[in-house]
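Please open the model in your viewer and keep a selection panel at hand. The stops below go from one selection to the next, with a note on what is found at each.

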Amino acid sequence: MKWRASEMSFVIAARFLIGLYQGRDSSGEPERYPTPDRLFKALLSVACLNYGYTSEGCLESEQISETLHWLEGNPPDKMRLPSAILSDGYGAVAYRDKGFIEKHKVKMAGSPAVSAYRYRTDDTLEWIWLNPPSERIAECLENLCEEIPYLGESCSKVHVIAQVREDDADTPDQRSRTYIKDDVMDLEALNSHIFINCPTQGRLEELCTNYNKLNSRKVSKRKINEINATENNLLAEIPEGRSVIAVAYRGEGLDTRDSTRMVQPWDRAILLPVRVASSHTEWKPLQSQTVRWAVAMHRFLIRKWGFGAPAVLTGKYMKIPGIPQPANNVAIHVLSDSLGKEFSSKLQPTVRQQLPAFLILIPREMSTEDFAGLCDVCQRSQGDSLYCGHDLETLEFGEPRIFDDSTIWQEPANDRVRYWKPLPFAMAETRAFTDPQGRRKWRVRETVALSIAHVWRDLFDVSYPERTGHQAKEQGYWEAADAVLNDSSPVQIVGAKPAFRTHMEDYAHHVQESNVLRGCNALIRFSEDCANECCAMAIGQTRHLGGGLLVPVDIPNDLIAHDQVTGKEEPIWLS
């Protein structure tokens, strides 16, 4: 088979047959994904057991050596990681006993699968090399990979294939799960770096030497006594690997900006059901309490994560000149009767059955590794309590449900046009002011437009350079609002009006004392080519903490007409 390297890449793909991976690194910590070094050891094991690589008379010995040496010091250029969720032992099976031998007696070790990670059975883990090997090496890798029975422990049954593949354009979903080898770490990618163990030059010789050392036929009696006196398990006697390096990979999704299409700002979700602790009553929070509950939930997640919680969850970023923070963070919203029957009936059945619940929205900027960590936190929270205040109920968490996308709403009927409105309203992100020329006033429509521009910052090219003074900042706000209200914008805002409540402070979070709290409401319509028709979205100052959740308003086609002034469609009562 002939190929041109510029158009091809070499891919080793692993699909776990029962959707479970269980393995530990050299320190005994559970691994979320098998590393290239683990793959290297699996290939060597297959070469020895199935082809007799280390024995005399192996016909493929030279080809196998060449193949394994090609992997040494040649880490994958890319990795595509599936979503991994801690399984708590669910579905894992131990296919053999585990233990060790001490003083000629078998010491059994427990074999719970509490460290197993669950993948989707149709998802694959891919190691990608942009420069394919020679046909001889590629053929050998194909044969060896087909023989690998499992990666990690024996319960991690796997099907591994190696192939040369054309370089097709990745989908947004693939880019969000792709990590690129980063030889020179830059500050912009600090939040997305992960470190993966890869074999270096000399790894093959080191593994063979260690095997011979552990399985020597001639062992002195004194050595046996020393081992019996100090050995607790076999890990203590495995020599430390020195021909392994940790290679840095950064998330490709963080650097991917689609400036031509309005993509989902939050592309994954976690639904965490709750119930009132020590009571059979249903949790029915008021709309004025959702921000307060979301703040309590946010603090709980950070506390449960512990040290090292990612900035996309905490909202606290390292301030580096010239590097803006992501447009959106993890958002937390309350799904309950506070939505009202009109809107809760439009939820997907799989979502509606779990109510009441907290909806945790995952931004596109959150790396696969951090998302898996947040899934772990939610899994470990099952049965825990959430305390919000002496005047409110104490909640107990149920089993979380993980969504690979943020589609929570049903599609509109064919004879309906979908608009959106913030529930109960969107909190204004700035005060009202006139433009620098003094010709225009900042109204509710501009307030809604600015909130939309902040959520889809990349699409509307919203950037605030080194502006000093209020006038310069206000000029930036006007530019952002004008970009959304432009005739060519994919967003239409109609019926904008102010909204107020008696205690507006209940709907806000961390607002400057000099600002007057203002709510705003409007009907928002996105163009047909936007990927937001059924997705969870939120706008406004509290979009990350319980406020401004966009709910669908489906209007019959008969009530939609063209406006003679703007030429756009809008409800007839607004024309």
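How many bridges join β10 to strand β12 (residues 244–251)? There are 3 bridges, and the two strands run antiparallel; to see one of them, select Ile180, whose bridge partner in β12 is Arg250. Strands here are DSSP runs of E of at least two residues and helices are runs of H or I of at least four, numbered from the N terminus, and two strands pair if DSSP finds at least two bridges between them.

Before going further, note that this is a predicted model, in which local features need pLDDT of at least 70 and side-chain atom pairs count only at pLDDT 80 or more, while totals for chains, interfaces and linings use all residues. Residues are numbered from 1 along each chain as its sequence is written, and side-chain values use heavy atoms, with hydrogens and water left out.

**The sheet around β10**

Widen the selection to the open sheet of 7 strands, which has the order β9-β1-β8-β3-β10-β12-β11 with antiparallel pairing. Its edge strands are β9 (158–166) and β11 (194–199), each of which pairs on one side only. From one strand to the next the twist averages 25°, where axes are lines fitted to C-alpha atoms and angles run from 0 to 180 degrees between N-to-C directions.

Strand β10 (residues 178–181) also pairs with strand β3 (residues 78–80), in the antiparallel sense and over 3 bridges, and Arg80 stands opposite Thr178 in β10. Moving to the edge, β11 and β12 pair over 6 bridges, again in the antiparallel sense; select Ile194 to find Tyr249 of β12 opposite.

**From Ile196 to Pro36**

Next select Ile196 together with Pro36, whose C-alpha atoms are separated by 7.6 Å although the two residues are 160 residues apart along the chain. Pro36 has its place in helix α1 (residues 36–51), and with 7% relative accessibility it counts as buried (buried means under 20% relative accessible area, exposed over 50%, and partly exposed in between, with a 1.4 Å probe and protein chains only).

**Backbone details in three loops**

Most residues other than glycine have a negative phi, and most peptide bonds are trans. Select Ser278, in the loop between β13 (266–276) and α7 (290–305): its phi is near 55°, a positive value, and at 79% relative accessibility Ser278 counts as exposed.

Then select Leu355 and Pro356, which are joined by a cis peptide bond with omega of about -5°; Pro356 lies in the loop between α10 (349–352) and β15 (357–363). A cis peptide bond also joins Leu423 and Pro424, with omega of about -10°, and Pro424 lies in the loop between β19 (416–423) and β20 (426–427).

**The largest cavity**

Keep Leu423 and Pro424 selected, since both are among the residues that line the largest cavity, and add Gln287, Thr290, His333, Val334, Ser338, Leu339, Gly546 and Leu549 to complete the lining. Here a cavity is a set of points, on a 1 Å grid over the protein atoms alone, where a 1.4 Å probe fits but cannot get out, and lining residues have an atom within 4 Å of a point. The volume of the largest cavity, which is the space filled by probe spheres set on the points, is about 100 Å³.

**Helix α12**

Finally, select helix α12 (residues 444–455), whose end C-alpha atoms are 17 Å apart, in agreement with the 16 Å that its 12 residues should span (the expected span is 1.5 Å times one less than the number of residues). Helix α12 is mostly covered, with 11 of its 12 residues buried, among them Val444, Leu450 and His454.

Definitions and conventions. On a 1 Å grid over the protein atoms alone, a cavity is a set of points where a 1.4 Å probe fits but cannot get out, and a pocket is an open set with protein on both sides within 12 Å along at least five of seven lines; lining residues have an atom within 4 Å of a point.
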